[in-house]
Amino acid sequence: MHIMNQWRLLYQTSMIKVDSLSRAIGSVLIVVSYFIVLHVSTTVGAAMYLVSNFLSIPYFIRTKGWDVVIMLSFLIVIGTGKLTQAFT
């Protein structure tokens, strides 16, 4: 029983929070989507950019970074406009 408690404690302290992981993935996707916009396809890059912004928002809500949430929301609106323009 004692060993199980030690493993549980180790597991809980080494776990990364889901929103922190999604923010890290979102940060990588922002860089990749910028490259895609410049060199491959504006539409695909804009879609990836939207996904990366959506992945980053929960972290900033949890940490109360409301200025970043507002900025990302504006960027999502701009990206959505670009995508709807591309598909019409």
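What covers the buried residues of helix 2? Hello everyone, let's start there. The cover over those residues includes helix 3. Before going on, please keep in mind that this is a predicted model.

So, helix 2 to begin with. Helix 2 runs over residues 18-39. It has 22 residues, and from its first C-alpha to its last it reaches 31 Å, close to the 32 Å expected at 1.5 Å a residue. Its buried residues are Asp-19, Ser-20, Ser-22, Gly-26, Ser-33 and Ile-36.

Not everything in this helix is hidden, though. Ile-25 is also found in helix 2, and this residue is partly exposed, because its relative accessible area is 40%, between the 20% limit for buried and the 50% limit for exposed. Together with Ile-16 and Leu-21, Ile-25 makes a nonpolar surface patch of about 270 Å². If you turn the model on your screen, those are three good residues to pick out.

Now on to helix 3, which covers residues 42-62. With 21 residues at 1.5 Å each, helix 3 should span 30 Å, and its end C-alpha atoms are 31 Å apart, which agrees. Look at the start of this helix: there a side-chain oxygen of Ser-41 comes to within 3.4 Å of the backbone nitrogen of Thr-43. Just after the other end, Lys-64 takes a positive phi of about 60 degrees.

Which residues of helix 3 are buried? Here is the list: Gly-45, Ala-46, Met-48, Leu-50, Ser-52, Asn-53, Ser-56, Ile-57, Tyr-59 and Phe-60. Their cover includes helix 2 and also helix 4, residues 66-87. Helix 3 is thus part of the cover for helix 2, and helix 2 is part of the cover for helix 3.

One more link between these two helices is worth showing you. How many salt bridges does the structure hold? The count is one. In it, the side chains of Asp-19 and Arg-62 meet, at 2.4 Å from N to O. Asp-19 lies in helix 2 and Arg-62 in helix 3, so the pair ties together parts that are 43 residues apart in sequence.

Are the two partners buried or exposed? Asp-19 has 11% relative accessibility, so this residue counts as buried. Arg-62, by contrast, is partly exposed, with a relative accessible area of 36%.

To recap, keep two things in mind: the cover that helix 3 gives to buried residues of helix 2, and the salt bridge between Asp-19 and Arg-62. Thanks for listening!

Technical notes
Residues are numbered from 1 along each chain as its sequence is written. This is a predicted model: local features need pLDDT of at least 70, side-chain atom pairs count only at pLDDT 80 or more; totals for chains, interfaces and linings use all residues. Side-chain values use heavy atoms; hydrogens and water are left out. Patches are made of residues with over 30% relative accessible area and no salt bridge: like charges are joined within 9 Å, nonpolar side chains (Val, Leu, Ile, Met, Phe, Trp, Tyr) within 5 Å. Accessible areas come from the Shrake-Rupley method with a 1.4 Å probe; for residues, only the protein chains shown count as cover. A salt bridge is a side-chain nitrogen of Lys or Arg within 4 Å of a carboxyl oxygen of Asp or Glu. Helices (H or I, at least four residues) and strands (E, at least two) are DSSP runs, numbered from the N terminus. Buried means under 20% relative accessible area, exposed over 50%, partly exposed in between (1.4 Å probe, protein chains only). The expected span of a helix is 1.5 Å times one less than its number of residues. Contact means heavy atoms within 4.5 Å. A polar contact is a pair of N or O atoms within 3.5 Å; within protein, one must be able to donate a hydrogen and the other to accept it, and residues adjacent in sequence count only if both atoms are side-chain atoms.
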